Amino acid sequence: MKEMISDTLDEEEIIKEAQKTKEEGNKFFVTQNYENAIEKYSNSIEILTNFCKSLHPRVEEIVESIENVEINEKEPSKEEKAEQKDDKTEGNEEKHDENDEEKEKVKELKEEKEETVNVPDHLKPLLAVYHHNRAASYSQLEGREVDVIKDCSKTIQYDSNYTKAYVRRAKAYQTRGKVEEALKDFQKALELEPKNQQAKDGVVLLEPIVKEKQEKEKEEMMGKLKDIGNSFLGLFGLSTNNFQMVQDPNSG
């Protein structure tokens, strides 16, 4: 019983620390010091995720194994360094390709580290806010749309009804020219909040753009199919121009 009370007190202290750090980030955000705000929100996220890891030692072991793989990749032996420098044969190039593949796998595993953390339901709303606040900070910096999208996606993972995250992610998608993804997010935001003006404006703006884009893609696809058909029919001295589509008067 004493251990349970102790764990509860520890959690309360952790939450207080995370919240205090988030408030510090908010102050930086208000004064437009976005880089420092990002650092504070990142600290809040780390505080809570580290606490969640401590609740699940097995997950922590997996994370440590991932980090060990990364360390091994970063610290090749002297012999390996010599081989990488001197051996320029075809076989060595294949070895480098394998190393690149391993590095890519390590990178993917690192990105999945937070995904492996089992977050208690009562802590998810806090992490949703921290990630969204960091996304808001990233959105104020040029060229950080990918970071905005990632953090908004994490926010939605923790809270699927977080309207602001859908709107912010939609804007980031729109900036990157991903109009279909942007439209879906604006539509979801509008579904959650029918009176949300930003979502309304986004849907009105993007619906005709997406429709035109899809029509253009359809025409391009039909053109490619026609080229394939002509290539085949050309073997018999024919082309698709020898055939005409005739409307069935019965079916319209």
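**Exercise 1.** Find which residues have the most contacts inside the largest nonpolar core.

*Solution.* Start with the core itself: the largest nonpolar one holds 40 residues. Next, rank its members by contacts inside the core, and Leu48, Val119, Leu123, Leu127 and Tyr130 come out on top. Keep in mind that this is a predicted model. Then see which elements chip in: those giving two or more residues are helix 1 (2-30), helix 2 (34-54), helix 6 (124-138), helix 7 (145-158), helix 8 (163-175), helix 9 (179-192) and helix 10 (197-233). Helix 2 gives the most, with 7 residues.

**Exercise 2.** Work out whether helix 6 is mostly covered or open, and check its span.

*Solution.* Take the span first. Helix 6 has 15 residues and reaches 21 Å from first C-alpha to last, close to the 21 Å expected at 1.5 Å a residue. Now for burial, where the cut-off is under 20% relative accessible area. By that test 12 of the 15 residues are buried, so helix 6 is mostly covered. Among the buried ones are Leu127, Tyr130, His131, His132 and Arg134.

**Exercise 3.** List what Tyr130 touches, leaving out residues up to four places away in sequence.

*Solution.* Use heavy atoms within 4.5 Å as the test. Tyr130 then touches Ala18, Gln19, Lys22, Tyr41, Ser44, Ile45 and Leu48.

**Exercise 4.** Sum up the whole chain: what is its secondary structure, and how much of it is buried?

*Solution.* Count elements: 10 helices and 0 strands. Then burial: 29% of the 252 residues are buried. Finally the surface: the chain exposes about 17500 Å², with carbon and sulfur atoms supplying 50% of it.

Methods:
Residues numbered from 1 in each chain as written. Predicted model: local features only at pLDDT ≥ 70, side-chain atom pairs only at ≥ 80, totals over all residues. Heavy atoms only, no water. Helix = DSSP H or I, 4+ residues; strand = E, 2+ residues; numbered from the N terminus. Buried < 20%, exposed > 50% of the residue type's maximum accessible area, 1.4 Å probe, protein only. Areas by Shrake-Rupley, 256 points an atom, 1.4 Å probe, with all protein chains shown as cover. Core = buried A, V, L, I, M, F, W, Y, C linked by side-chain atoms within 4.5 Å. Expected span 1.5 Å × (residues − 1).
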